[in-house]
Amino acid sequence: MNEALATLPHEPARQIPPRHRWYRHLYVQVLIAVVIGILLGHFYPTLGEAMKPLGDNFLKLVKLVIAPLIFCTVVHGIASMRDISRGRSVVPVPAPWISGERSENANRQ
């Protein structure tokens, strides 16, 4: 019986994709940080208040990066078009962004 098994052709070894640990995913890290922030604010409110400048500066940094990121994305999209004569896809991209900026500025005044 062992001889019959030895003569069977072997299947090629299948490659098993590497498993990612659950804590390596970004959404899990964000959820853990939110839970830690909630627990910190609940059990140590003075420490949470002392950390407020860190959160405020982080939000300011995100707001600082958003506008150049959108601008560079739009410019890259326009620059990487192969056939610019088909301008149909160029106009709708910046239009909502520009019109959204104008409507927000008009509401502030």
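A residue is called exposed when its relative accessible area is over 50%, buried when that area is under 20%, and partly exposed in between. With this in mind, we can walk through the structure, which is a predicted model.

Trp22 has a relative accessible area of 57%, and therefore counts as exposed. Tyr23 reaches 42% relative accessibility, so this residue is partly exposed. The two belong together in another way, since a search of the whole structure finds 1 aromatic pair. In that pair the ring centres of Trp22 and Tyr23 lie 5.7 Å apart and the ring planes meet at 85°, which means that the arrangement is edge-to-face.

From here we can turn to the nonpolar surface, where Val35, Leu39, Phe43, Tyr44, Leu47, Met51 and Leu54 make a patch of about 720 Å². Helix H2, which covers residues 26-43, gives the most to this nonpolar patch, with 3 residues. Another member of the patch, Leu47, is found in helix H3, which covers residues 45-50. Because its relative accessibility is 42%, Leu47 counts as partly exposed.

The last stop concerns charge. Side chains of opposite charge can pair when their charged atoms come close. A search of the whole structure finds 1 salt bridge, and Asp56 forms this contact with Lys52, with the closest N and O atoms 2.8 Å apart. Both residues lie in helix H4, which covers residues 52-79, and because they are 4 residues apart there, about one helical turn separates Asp56 from Lys52. Asp56 itself has a relative accessible area of 32%, so this residue is partly exposed.

Definitions and conventions. Residues numbered from 1 in each chain as written. Predicted model: local features only at pLDDT ≥ 70, side-chain atom pairs only at ≥ 80, totals over all residues. Heavy atoms only, no water. Patch = residues over 30% accessible without salt bridge, like charges linked within 9 Å, V, L, I, M, F, W, Y side chains within 5 Å. Areas by Shrake-Rupley, 256 points an atom, 1.4 Å probe, with all protein chains shown as cover. Salt bridge = Lys/Arg side-chain N within 4 Å of Asp/Glu carboxyl O. Helix = DSSP H or I, 4+ residues; strand = E, 2+ residues; numbered from the N terminus. Buried < 20%, exposed > 50% of the residue type's maximum accessible area, 1.4 Å probe, protein only. Phe/Tyr/Trp six-rings, centres within 6.5 Å; stacked < 30°, edge-to-face > 60°.
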